[in-house]
Amino acid sequence: MTDEWFEVFSYRGVIGAAVLYFLAMLAYFYELAGLRSAARTADQEGTAGAAGAAGAVGTQAVAVAAPRTAVAARLGLVLTGFAAVVHLAALVARGLAADPNRVPWGNMYEFTISGTFVVALIFVVSTLRIDIEWLGPLVTTFVVAALMAAFLGLDDTVLPLPDALNSPWLVIHVVAAVISTGAFTVGALLSGLYLAKARSSSTTGYLARVPDLKVLDRLSYRMHAFGFPVWTFAVLITGPIWAHQAWGAYWNWDPKEVWAFITWVVYAAYLHARATAGWRGRNAAILALVGAATLWFNFIGINFFSSSSQHSYAEGAAPEMSVVVGLAGPAQAVEEVGVVVGPDHARA
Amino acid sequence: MTDLKPDLRHRPSDDRQATALPPDLTARELARWSWRQLTSMRTALVLLLLLALASIPGSVIPQENIDSLAVSQWRDDHPRLAPVWERLDLFDVYGSVWFSAIYILLMISLVGCIIPRLFVYARAVRARPPRAPRHLSRLPESTSYVTDEAPEDVLERAVTALRGRRFRVDAGDDSVAAERGHLREAGNLVFHLAVIVVLVGVAVGSLFGYKGGVIMLNGEDYGFSNNLTQYDDFAPGALFDPDVMEPFSFSITDFQVDWLTEGERAGMAREFVAELAYETEPGGETKSYDLRVNHPLSIGGTDVFLIGHGYAPVITIRDGDGEVAYSGPSVFLPTNAQTFESFGVVKAPDASPAQVGLEGTFYPTFAMGRDADGNLTMPASVFGDAFDPLLSLFVYTGDLGLDDGTPSSVYVLDKAKATQVVKDDGQPFRMDLRPGDTVTLPDDLGTVSFDGLQRWNKIQVSRSPGKLVALAGVVLALLGLLASLFIRPRRMWVRARRQDDGTTLVEVARLDRSSGGDPEDGAAELDGVVAALKGTTTKEDET
């Protein structure tokens with residue numbers, strides 16, 4: 001099997017996974033539609049259950065009332081699981097498509113397909129341990145949207161790694177960053193749900209289906225509590241070690257580093273506020289969303305808009321500096337390990 | 001839906017919220033009040049968020065110590081804003097007074113918060129678990145059952161069961177109190193202390209360390225020894241002492257690079273290897289090392305990094321008298337990171353009859369650019385490797401500004417008092433040289449030859465003492481963080497009392513003192529203890 005074969009296989013795998021996620025999303029939407037009509041029927045008939053009861057109880061009542069919606073929900077989860085397996089195969093194939101073989105984290109397309117996989121994986125694994133299946137519609141919608149964006153908007157050719165990325169730290173650093181990004185993203189979805197539900201008094205539809213505020217708050221906290229140490233490991237331990245090896249200084253105040261630090265500080269404030277100032281619920285959810293905003297700005301904004309970041313992975317975003325001495329390679333290079341040699345270094 | 005109420009069960013040491021300003025403060029009281037304010041949790045939170053906010057400008061505005069070229073360009077583009085930005089230290093955010101003020105205040109706040117908590121913790125570790133509250137059934141997690149057993153037997157079993165669950169147990173008259181999870185606060189304290197360790201490590205590095213760069217021509221003739229005079233750029237810490245510079249020296253014997261000639265990334269260079277011959281001290285044994293990206297050479301506490309490369313055309317200028325006025329490799333700086341189109345100057349101040357200065361472009365693989373219609377446009381380099389090198393130079397003569405003793409850059413030609421050499425038709429005289437070519441200059445200025453091609457490397461040398469301290473600090477902080485996030489401090493009480501009818505009422509209660517715990521987990525623990533108390537009961541009944 002050649003590299004080209006693996007590359008094509010990977011593309012098809014990602015498309016296949018996206019289709020499966022899409023079908024899962026449809027199943028979840030079907031379930032929601034079923035819930036809505038079932039709840040309305042229940043309302044009209046005046047049966048106890050959906051109308052007045054809290055989300056979880058309502059769900060059970062509805063699930064009993066409409067087995068078809070329960071089947072749809074089950075189908076959604078199974079499809080998501082299948083999609084994740086195909087997604088993983090596509091990721092592995094992506095790594096095998098490169099020469100020499102490598103981990104599939106060389107550009108934004110590859111980061112995106114890896115990050116979305118982690119989001120799906122966290123969701124599927126979480127359903128085994130806690131009642132979180134109701135997050136399915138949001139997770140599948142997010143993953144489908146992100147995969148579409150990756151396919152349409154990002155450079156996706158398989159390229160060899162530049163020297164600076166060719167390090168075992170790539171695996172450790174990026175795995176940790178991707179995992180914590182996935183956890184923070186799921187946490188942000190939960191915080192967003194919390195805020196939406198806190199504002200809504202609807203007794204039908206999706207918001208009535210999700211558990212009550214307390215549960216949302218706690219689940220969101222747990223996602224962040226899981227993500228934060230991993231982020232610390234990625235940003236403040238492996239990042240500096242690698243930066244020291246590749247660039248000669250363990251902290252450079254590079255825009256990517258600055259924003260990773262900002263994200264760290266915001267999430268630290270989130271955990272701190274919860275632990276000591278007793279921030280729960282709304283305030284904590286807002287702070288968590290601020291953290292997620294900094295996280296995603298760092299991934300999208302810095303890659304595309306920052307001309308000076310050594311972490312610029314977006315195609316065409318390479319700096320056009322006047323005097324660059326680089327080991328990085330082409331203009332669409334992945335990592336700009338360059339130094340600027342000013343014209344004013346007196347030598348004469 | 002209403003918002004959740006804030007949790008009121010936080011630890012006493014966390015409760016030092018801002019207190020209201022009392023009237024008629026003495027200086028002592030004012031100091032006390034300010035200290036309270038500074039070390040309050042709310043202040044710490046505000047300072048944390050302020051730190052995040054204050055970091056933003058540095059990622060938007062070019063920074064002097066990161067990209068000084070971008071800073072000067074920005075200054076030229078914004079002549080009115082630049083002085084204002086300058087005054088606000090916005091070109092050096094992370095070294096500015098206001099940024100330092102935030103993190104120093106944060107550190108003071110942290111220390112002020114952590115010291116009292118250390119004492120509280122020391123007392124708490126030695127303290128016995130608090131006695132059972134009077135009404136256990138009022139606690140959020142509690143249960144009770146009735147048994148025929150004697151209270152003493154139940155309590156005895158409770159002690160065993162709770163000890164088995166790694167609780168610290170204190171048995172009272174009619175009740176057993178148990179507590180575990182003290183390591184959470186320990187983790188908390190370790191995390192905060194570790195932040196200080198990190199800061200000390202970073203501070204040591206930036207005060208006593210140094211970072212310097214040097215452009216080195218390849219070849220054994222061009223050596224570098226580690227002292228101040230040898231660097232092209234040098235950034236020492238505030239308390240840097242040149243005596244700590246390790247006396248190593250090295251030269252680059254060979255440099256290899258693999259240019260991709262096919263595939264999607266054709267033109268990209270990989271696998272840079274600079275072969276170093278180095279001595280750790282003068283007269284020491286010469287060793288060799290393959291210096292590569294991601295593989296710095298460590299000599300003592302100093303690291304040597306390969307961070308750049310480029311071309312140095314070997315140029316010889318013979319003056320009007322036929323004497324060699326300049327000869328050697330001249331470093332040309334790449335202006336394009338992909339094609340390595342490079343810019344450079346050559347100065348021959350001792351040439352006669354007049355000084356000669358050359359300025360121009362080096363194309364490693366020369367080609368004429370073409371626009372969309374196929375018309376020839378600007379000359380360009382199409383590849384980084386030197387497949388078809390061409391040197392294109394303009395000539396200046398007259399006063400090159402080298403005689404008045406002021407320092408000038410070797411990469412810039414001072415044209416203020418020099419004149420450009422022109423052809424008979426008045427157009428600037430330009431020569432295009434391939435290796436081996438020699439061109440005669442007009443006006444009997446002499447000849448210029450392009451003898452060959454050399455390579456150079458940009459080498460960075462840095463010494464950051466305290467980096468291992470900082471690393472140890474971060475690792476310690478992570479461990480503390482894990483403990484403080486995932487260890488759940490909790491208390492349990494078991495009370496057994498003989499009732500009037502001769503049976504024993506057993507009450508069991510549990511108090512989770514952390515946040516984010518699963519109610520299911522708490523219920524499971526409670527059920528487990530109750531089962532342990534009851535389970536043995538049934539067994540004994542059977543015997």
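Strands here are DSSP runs of at least two residues, numbered from the N terminus. With that in hand, here are some close-ups of this predicted model.

**View 1. A cis proline in a loop of chain B.** B:Pro353 sits in the loop that links strand S14 (342-348) to strand S15 (356-363) of chain B. The peptide bond between B:Ser352 and B:Pro353 is cis, with omega at about 10°.

**View 2. Two loop residues of chain B with positive phi.** Start with B:Arg166, which is not a glycine yet has a positive phi, near 60°. Look for B:Arg166 in the loop between helix H6 (151-164) and strand S2 (168-171) of chain B. Is B:Arg166 buried or exposed? B:Arg166 counts as exposed because it has 9 C-beta neighbours inside 10 Å, and the cut-off for exposed is 12 or fewer. Now move to B:Asp443, another residue other than glycine with a positive phi near 60°. B:Asp443 belongs to the loop between strand S21 (438-440) and strand S22 (446-463) of chain B. Here the count is 13 C-beta neighbours inside 10 Å, so B:Asp443 is partly exposed.

**View 3. An open sheet in chain B.** Follow the 4 strands in the order S5-S7-S8-S9 of chain B and you have an open sheet with antiparallel pairing. At the edges are strand S5 (223-225) and strand S9 (287-291) of chain B, each pairing on one side only. From one strand to the next, the twist averages 30°. Zoom in on strand S8 (residues 269-279) of chain B, and you'll find 5 bridges joining it to the antiparallel S9(B). Which residue of S9(B) stands opposite B:Ala274? That's B:Leu291. As a bit of background, strands of a sheet pair through backbone hydrogen bonds.

**View 4. Two helices crossing in chain A.** Helix H3 (residues 67-97) and helix H4 (residues 108-129) of chain A have axes that come within 9 Å and cross at roughly 145°. The crossing of H3(A) and H4(A) is left-handed. On the H3(A) side, the residues that meet H4(A) include A:Leu77, A:Gly81, A:Ala84, A:Leu88 and A:Leu91. On the H4(A) side, the residues include A:Ile113, A:Phe117, A:Leu121 and A:Val124.

**View 5. The largest nonpolar core, and another apart from it.** The largest nonpolar core has 194 residues, and A:Val265 and B:Leu48 have the most contacts inside it. Helix H8 (residues 213-247) of chain A gives the most to this core, with 19 residues. Which residues does B:Leu48 touch, leaving out those up to four places away in sequence? They are A:Val265, A:Ala268, A:Ala269, A:His272 and B:Leu106. Apart from the largest core lies another one, of 21 residues, with B:Ala161, B:Phe167, B:Val176 and B:Val508 among them.

**View 6. Stepping back to the chains.** Chain A has 10 helices and 2 strands, and along the sequence the helices come before the strands. Of its 348 residues, 61% count as buried. Take the contacts in chain A between residues at least 6 apart in sequence: 72% of them join residues at least 24 apart. Chain B is divided into domain 1 (12-123), domain 2 (131-180 + 490-542), domain 3 (204-305 + 460-475) and domain 4 (310-455). How far apart are the C-alpha centres of domain 2 and domain 4 of chain B? They lie 90 Å apart.

Terms used: Residues numbered from 1 in each chain as written. Chains lettered and ligands numbered in written order. Predicted model: local features only at pLDDT ≥ 70, side-chain atom pairs only at ≥ 80, totals over all residues. Domains from an automatic or database assignment. Buried ≥ 20, exposed ≤ 12 C-beta atoms within 10 Å, placed from the backbone. Contact = placed C-beta atoms within 7 Å. Pairing = 2+ DSSP bridges. Axes fitted to C-alpha atoms, helices over the stretch in contact; angles between N-to-C directions. Core = buried A, V, L, I, M, F, W, Y, C linked by C-beta atoms within 7 Å. Left-handed = near helix turned anticlockwise from the far one by under 90°.
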